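Here are some exercises to work through with the model open in your viewer. Try each one yourself before you read its solution.

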Amino acid sequence: MGAVLGLCSAAQLACCCGSAACSLCCSVCPSCRNSTSSRLMYAVLLLVTTIVACITLSPGLQDFLRKVPFCNNSTRYIPNSVHINCEEAVGYIAVYRICFIVTCFFALMALIMIGVKSSKDARAGIQNGFWGLKYLLIIGGIIGAFFIPEASFGSVWMYFGLIGGFLFILIQLILIVDFAHSWADAWVGNYEETESRGWYIALLGVTFLNYALALTGVVLLYVFFTKANDCSLNKFFISINLILAIGISIVSVLPKVQEKLPRSGLLQSSIVSLYTIYLTWSTVSNSPDSDCNPGLLGIVGANSTAKSTQLGFDGQSIIGLVVWMGCILYSSLRTASSSSKITMSDQILAKDTGAGKDGGNDGGESGDKKVWDNEEETVAYNWSFFHVMFGLATLYVMMTLTNWYQPNSDLTTLNANAPSMWFKAISSWLCIALYGWTLVAPIILRNREFN
């Protein structure tokens, strides 16, 4: 595992250890803002550690991981009263330890960066450099984390993961709503400027596709996660979210909403509705009621007993990671727009502060300066909050890779749990509420400018 991280950080170690190697590595990179390049580097760091966590779930590593200290055959590290089936749980516990260290790293960075106002601060070098040392720090921490006695570590850290994952889902909702508004604003703007039938067809096509997928998802949820005389809680989750999605779609085209937000419409509503149905699927997939939760293996017709003994990914986890990666890249590349005022994402997305005093192409004119500082006067984003967001993103990854299951020391299986189910359900309602607020806020807050 350390070798994997070391290999992936070799290029950054070169930049840390020698200017010639750094110039060689950066010569092929396009010119960009310092704020953008730093956020991308942290996104790469998070992606690399996520890949390593995924690797620990692969069957080929199970034999090796059973030899680490937290396994039940190393009784000198854990009490005899605690029984952990390493045959089935060792991969999940490894993910917990890796994500524990990465979360601690981002928490430490968040504390260090409190109160930074510009790149002239002495702490700017820590934020924007020392990448090799940061990787080495994480690698050393991960190695040390494997010597943490298990005891109650997994069960306690799971609750930190539940809360942190839920908080990141809230941030993810903000980014998705902002993305929906930005997408619709761009396409409607292109149609209004060009009056091209192609843009009009694209708007209708994507909107229809999103609603078709959402409706298909609702039907499948009713088919596989409900029964005629049972599963009333699942029926409630699916039905209420369907009603809310229909309601918010109607609100988006009301005359008063259109008057304040002329580019608001069904495209945004279709995106939010589709994401809400995904959250509904995630909710019922975490139901502890096995009779109403067949799981992916049960849906495809495989042996349902395999669900409790097989580690790895299911469809929910894969889609969750794809959405997660999209939000991480979006927050790293996207600059704040007018929609950020409504979605309250000003702290997440960077402001377009330009190139600084020398204009927009100082790096390109010199030929050497590929990354130019655009934060000499003020930071483009809140550095401390950025690390908090990435720490929460790490906890979300941890819970997604472990399917939001609860390690249970009394059984030989990993089980879904009620807290994760309710966290997902509440997040689906908050998604609708947040999008609804972006529609009615200009009507309620008449003295505030949102455009």
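**Exercise 1. Find the aromatic cluster, then take one pair in it apart.**

Start with the members: Tyr42, Phe105, Phe106, Trp131, Phe386 and Phe390 form one aromatic cluster. Before going on, a word on ground rules. This is a predicted model, in which local features need pLDDT of at least 70 and side-chain atom pairs count only at pLDDT 80 or more, while totals for chains, interfaces and linings use all residues. Residues are numbered from 1 along each chain as its sequence is written, and side-chain values use heavy atoms, with hydrogens and water left out.

Next, the pairs. Rings of Phe, Tyr and Trp (its six-membered ring) pair if their centres lie within 6.5 Å; planes under 30 degrees apart count as stacked, over 60 as edge-to-face and the rest as tilted. The structure holds 18 aromatic pairs. In one of them, the ring centres of tyrosine 42 and phenylalanine 386 are 5.9 Å apart and the planes sit at 65°, so this pair is edge-to-face. It ties together distant parts of the chain, with tyrosine 42 in helix α4 and phenylalanine 386 in helix α18, 344 residues apart. (Helices, H or I with at least four residues, and strands, E with at least two, are DSSP runs numbered from the N terminus.)

Last step: are the two residues buried or exposed? Both tyrosine 42 and phenylalanine 386 are buried. Buried means under 20% relative accessible area, exposed over 50%, and partly exposed in between (1.4 Å probe, protein chains only).

**Exercise 2. Work out how α4 packs against α18.**

Geometry first. The axes of α4 (residues 34-55) and α18 (residues 383-401) come within 11 Å and cross at roughly 20°. That makes α4 roughly parallel to α18. Axes here are lines fitted to C-alpha atoms, for helices over the stretch in contact, and angles run from 0 to 180 degrees between N-to-C directions. Angles under 35 degrees count as roughly parallel, over 145 as roughly antiparallel, 65 to 115 as roughly perpendicular and the rest as oblique.

Now the hand: α4 passes α18 in a right-handed crossing. A crossing is left-handed if the near helix is turned anticlockwise from the far one by less than a right angle, and right-handed if clockwise.

Then the residues. Contact means heavy atoms within 4.5 Å. On the α4 side you'll find Arg39, Tyr42, Ala43, Leu46, Thr50, Ala53 and Cys54, which meet Phe386, His387, Phe390, Ala393, Thr394, Val397 and Leu401 in α18. Sorted by class, this contact has 10 nonpolar, 3 polar and 1 charged residues. (Ala, Val, Leu, Ile, Met, Phe, Trp, Tyr, Cys and Pro count as nonpolar, Asp, Glu, Lys and Arg as charged, and the others, Gly among them, as polar.)

**Exercise 3. Do the same for α4 and α8.**

α4 and α8 (residues 131-145) pack at an angle of about 25°, their axes 12 Å apart. That makes α4 roughly parallel to α8, and the crossing is right-handed. From α4, Ser38, Met41, Tyr42, Val44, Leu45, Val48 and Thr49 meet Trp131, Lys134, Tyr135 and Ile138 in α8. The class count for this contact is 8 nonpolar, 2 polar and 1 charged residues.

**Exercise 4. Which residues other than glycine have a positive phi near 60°?**

Some background: most residues other than glycine have a negative phi. Cysteine 231 is one to pick out, with a positive phi near 60°. It lies in the loop between α10 (197-225) and α11 (232-252) and is buried, at a relative accessible area of 3%. Phenylalanine 130 also isn't a glycine, yet its phi is positive, about 60°; look for phenylalanine 130 in the loop between α7 (124-128) and α8.

**Exercise 5. Place three residues and find what lies across the sequence from them.**

Serine 427 sits in helix α19 (residues 418-444) and is buried, with a relative accessible area of 0%. Skip its neighbours within four places in sequence, and serine 427 is in contact with Phe166, Ile169, Leu173 and Leu279.

Tyrosine 96 belongs to helix α6 (residues 86-112) and is buried too, at 2%. Tyrosine 96 and leucine 395 are 299 residues apart in sequence but 8.9 Å apart in space, C-alpha to C-alpha.

Lysine 260, in helix α12 (residues 255-260), is partly exposed, with a relative accessible area of 36%.
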